Amino acid sequence: MLKARTAAPPRVVKRRRGWESPWVGFAFVAPFMLGLTVLFLGPVLAVPVLSLLNWVLPDAPTWAGFSNYARLARDPEVLRSTWITALFVAGLVPLNIGLALGLALLLNVKARGVGLFRTLLFSPVVVPLVAWALVWRFVLQPDFGLVNNLLGRIGISGPNWLFEFPWALVAVIVSMVIEHVGLNMLIFLAALQGVPREVHEAAVIDGASRGQVFWKVTLPMISPTVFLTLVVTIIGALKAFAPIYVLTGGSDSASVLMVQMFKNGFKYFDFGYASGIAWVLFVVMLLLTVGQWQMRKRWVHYES
């Protein structure tokens, strides 16, 4: 005979009350989710739609199709801004990455006073962008600025650093590299300190020179960090706006695409055209990031 199955005792479900209730958690994250939806996701989804409208205040928006994109392709100001943006990224990214990596290699030693140098190099990172740009604006003033005064003492007439091409672009690149190089230096320093010392010692015992140790051992082992820093720095350079606008006042000599978008959107109130510039810039960033992600297999260590 089969034994009669005994009925399992009823499962008691305890209802969570008070701070353990999931509704309390939802209440805490609701303000952030609301802000994220209204201030980030909403505008991101609205931009491609707005780019298809002809909307210049105070007129009502009308359907324009792809005419804003056709206008972008033949607008000389946008084409010039595209060229200036390419020069800006090509100048800022290698200088920032190379200088940060060099400083990290120099400061990756155990010596007295190294912590002070690390702090000094990182301190510009915590300065607000606008305050940093205002200081540089006074320093680079063509008439009474510190740089031109020092150049005048040795008989050199300094250029107009803020409004003359290409000096305005050079001034923007140098000021932004000095401000942000400390952060990348700190990231590289953490990666260098994660490389096992035994690997270096084995390479030296095998007869490798210091240059070979760096290029064949150190750099491949920190290549994931270099890849991450490169992607983030390129994106940051493409969407840089505040320091450039504050430093040069939006002059044509350093009018990158972000400045051009701001002028069209909030100076000429041509929201449809400004949205077209923003959408093109977003697609360029996306394609560059995807391209770098695909190329990582060729030079990033630990990737296959």
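## A tour from helix 3 to glycine 145

Select threonine 85 in this predicted model, and follow its side chain to the backbone oxygen of serine 81, which lies 2.7 Å away. Threonine 85 belongs to helix 3, which covers residues 76–107. With a relative accessibility of 4%, threonine 85 counts as buried, because the cut-off for that class is under 20%. To see what surrounds threonine 85, display Leu238, Val256 and Leu257, which are its contacts once residues up to four places away in sequence are set aside.

Next, widen the selection to the whole of helix 3. Its 32 residues, taken at 1.5 Å a residue, should span 46 Å, and its end C-alpha atoms are indeed 46 Å apart, so the expected and computed lengths agree. Then move to the start of helix 3, where a side-chain oxygen of aspartate 75 comes to within 3.0 Å of the backbone nitrogen of glutamate 77.

From there, go to glycine 145, which is found in the loop that runs between helix 5 (129–139) and helix 6 (146–153). Is glycine 145 buried or exposed? Its relative accessible area is 0%, and therefore glycine 145 is buried. Showing Phe138 and Val139 alongside will bring up the residues that glycine 145 touches, again leaving out those up to four places away in sequence.

As a last step, add glycine 158 to the view and draw a distance between its C-alpha atom and that of glycine 145: the two residues are 13 apart along the chain, and the separation is 9.8 Å.

Notes. Residues numbered from 1 in each chain as written. Predicted model: local features only at pLDDT ≥ 70, side-chain atom pairs only at ≥ 80, totals over all residues. Heavy atoms only, no water. Helix = DSSP H or I, 4+ residues; strand = E, 2+ residues; numbered from the N terminus. Buried < 20%, exposed > 50% of the residue type's maximum accessible area, 1.4 Å probe, protein only. Polar contact = N/O pair within 3.5 Å; in protein donor to acceptor, adjacent residues only side chain to side chain. Contact = heavy atoms within 4.5 Å. Expected span 1.5 Å × (residues − 1).
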